[in-house]
Amino acid sequence: MKMDEEQLVKKCLEKDALAQKQLFEYYSRRMMGVCLRYSKDGDEAQDVLQMGFIKVFEKLNMYNFKGSLEGWIRKIIVNTALDNIRRNKKFLNDVEMDKVDYQLHNHTENAIDTLSAQDLLKVIQEMPPGFRTVFNMFAIEGYSHKEIAEELNISVNTSKSQYSRARAHLQKTLIEENIIYR
C-alpha cells in the first residue's frame with residue numbers, strides 16, 4: 001500500500017474516493033477467495049464481495065486499529081457471506097442423508113495437501129450449502145463448533161455433524177474423481 005493502514009482508513013473515513021479505491025483494490029482479491037468458498041459460483045461470490053465492501057465502508061468508523069485491518073475486513077466479508085446464505089434460505093439441514101458416505105479415512109487430509117487451491121475450491125463450491133458453510137467456518141476460518149452454532153442458530157452437535165458429513169462428502173468426491181484412492 002502506498003499509505004500506511006491508519007492513513008488509508010482516515011482518508012476513507014473522509015470519503016476520499018481514491019483511498020476507498022485503493023483499500024478495495026488491495027484487499028478485494030483476498031476477500032474474493034473468502035467469498036468463493038462460501039458461494040456456489042463466481043457471480044454469487046462477486047455479489048457477496050460487493051455487499052461486504054459496502055459494509056466495510058459503512059462500518060469503517062468502528063475499526064479501532066487494534067488487530068489487523070485485513071482480519072477486521074475478513075470478519076465482515078464472512079458475516080456477509082453467512083447473511084447471504086441465510087437470505088437465500090439455504091438451510092443447513094437440507095441434505096439428503098443417503099447421498100453421503102459417512103466413512104472417514106486419513107486419506108482426505110493427505111489429498112487436500114496435494115490438491116491445487118483451484119481444485120479444492122471447485123470441490124468445496126460443489127458441496128451442499130450446509131456442508132460448505134460449516135466446513136469453511138471450522139476448517140478454514142477457525143471458528144469453534146460453539147461459535148458456528150451461535151452464528152448459524154443451530155446446535156453444537158448439528159455443527160459437528162455437518163462438519164463430519166462435509167469431510168465425508170469431500171472424501172467421496174475426491175475418490176470419485178480419482179484424486180485419492182481407498
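## Exercises on a predicted helical chain

K160 has a relative accessible area of 43%, so this residue is partly exposed. The model is predicted. Each exercise below has a task and a worked solution.

### Exercise 1. Place K160

Task: Find the element that holds K160, and state how far its C-alpha atom is from that of K146.

Solution.
- Step 1. Locate the residue. K160 sits in helix 9, residues 156–176.
- Step 2. Count along the chain. K160 and K146 are 14 residues apart.
- Step 3. Read the separation in space. Their C-alpha atoms are 9.3 Å apart.
- Step 4. Check the cover. The 43% of K160 lies between the cut-offs of 20% and 50%, so K160 counts as partly exposed.

### Exercise 2. Describe the whole chain

Task: State how many helices and strands the chain has, and what share of its residues is buried.

Solution.
- Step 1. Count the elements. The chain has nine helices and zero strands.
- Step 2. Write the order. From the N terminus it reads α-α-α-α-α-α-α-α-α.
- Step 3. Turn to burial. Of 182 residues, 44% count as buried.
- Step 4. Look at the contacts. Take those between residues at least 6 apart in sequence: 70% of them join residues at least 24 apart.
- Step 5. Add the surface. The accessible surface is about 10,300 Å², and carbon and sulfur atoms account for 49% of this area.

### Exercise 3. Read the two sides of helix 3

Task: Which residues of helix 3 are buried, and which exposed residues does the face turned away from them carry?

Solution.
- Step 1. Set the limits. Helix 3 covers residues 42–59, which is 18 residues.
- Step 2. Compare its span. The distance from first to last C-alpha is 25 Å, close to the expected 26 Å.
- Step 3. List the buried residues. They are E44, A45, V48, L49, G52, F53 and V56.
- Step 4. Place them around the axis. Their arc is only 165 degrees, so they share the same side of helix 3.
- Step 5. Turn to the face away from the buried side. Exposed D43 and E58 are found there.
- Step 6. Name the cover. It includes helix 2 (17–38) and helix 4 (69–87).
- Step 7. Inspect the N-terminal end. D41 caps it, with a side-chain oxygen 3.2 Å from the backbone nitrogen of D43.

### Exercise 4. Do the same for helix 8

Task: Which residues of helix 8 are buried, and which helices do they pack against?

Solution.
- Step 1. List the buried residues. H145, I148, A149 and L152 make up the set.
- Step 2. Look down the axis. These residues fall within an arc of 100 degrees, so they line one face of helix 8.
- Step 3. Find their partners. They pack against helix 4, helix 7 (129–140) and helix 9.
- Step 4. Turn to the face away from the buried side. K146 and E150 are its exposed residues.
- Step 5. Step past the end. N153 follows helix 8 and has a positive phi.

### Exercise 5. Examine two positive phi angles

Task: Where are F65 and N153 found, and are F65 and N153 buried, partly exposed or exposed?

Solution.
- Step 1. Recall the background. Most residues other than glycine have a negative phi.
- Step 2. Take F65. Its phi is about 65 degrees, positive although F65 is not a glycine.
- Step 3. Place F65. It belongs to the loop between helix 3 and helix 4, and at 35% relative accessibility it is partly exposed.
- Step 4. Take N153. Its phi is about 60 degrees, again positive in a residue that is not a glycine.
- Step 5. Place N153. It belongs to the loop between helix 8 (145–152) and helix 9, and with 72% relative accessible area it is exposed.

### Exercise 6. Follow two residues of helix 2

Task: Which residues do R37 and Q20 touch, leaving aside those up to four places away?

Solution.
- Step 1. Start with R37 in helix 2. Its 15% is under 20%, so R37 is buried.
- Step 2. List its contacts. They are R74, L121, I124, R132, N136, I140 and E141.
- Step 3. Pick out E141. Its side chain and that of R37 are joined by a polar contact of 2.4 Å.
- Step 4. Move to Q20, also in helix 2. At 21%, Q20 is partly exposed.
- Step 5. List its contacts. They are C12, K15 and F57.
- Step 6. Compare with L8. It is 12 residues from Q20 along the chain, and the two C-alpha atoms are 8.0 Å apart.

### Exercise 7. Check the cysteines

Task: How many disulfides are there, and are C12 and C35 buried or exposed?

Solution.
- Step 1. Apply the cut-off: two cysteine sulfur atoms within 2.5 Å. The count is zero disulfides.
- Step 2. Check C12. Its relative accessible area is 3%, so C12 is buried.
- Step 3. Check C35. Its value is 0%, so C35 is buried.

Note on methods
Residues numbered from 1 in each chain as written. Predicted model: local features only at pLDDT ≥ 70, side-chain atom pairs only at ≥ 80, totals over all residues. Heavy atoms only, no water. Buried < 20%, exposed > 50% of the residue type's maximum accessible area, 1.4 Å probe, protein only. Helix = DSSP H or I, 4+ residues; strand = E, 2+ residues; numbered from the N terminus. Expected span 1.5 Å × (residues − 1). Arc of directions from axis to C-beta. Contact = heavy atoms within 4.5 Å. Polar contact = N/O pair within 3.5 Å; in protein donor to acceptor, adjacent residues only side chain to side chain. Areas by Shrake-Rupley, 256 points an atom, 1.4 Å probe, with all protein chains shown as cover.
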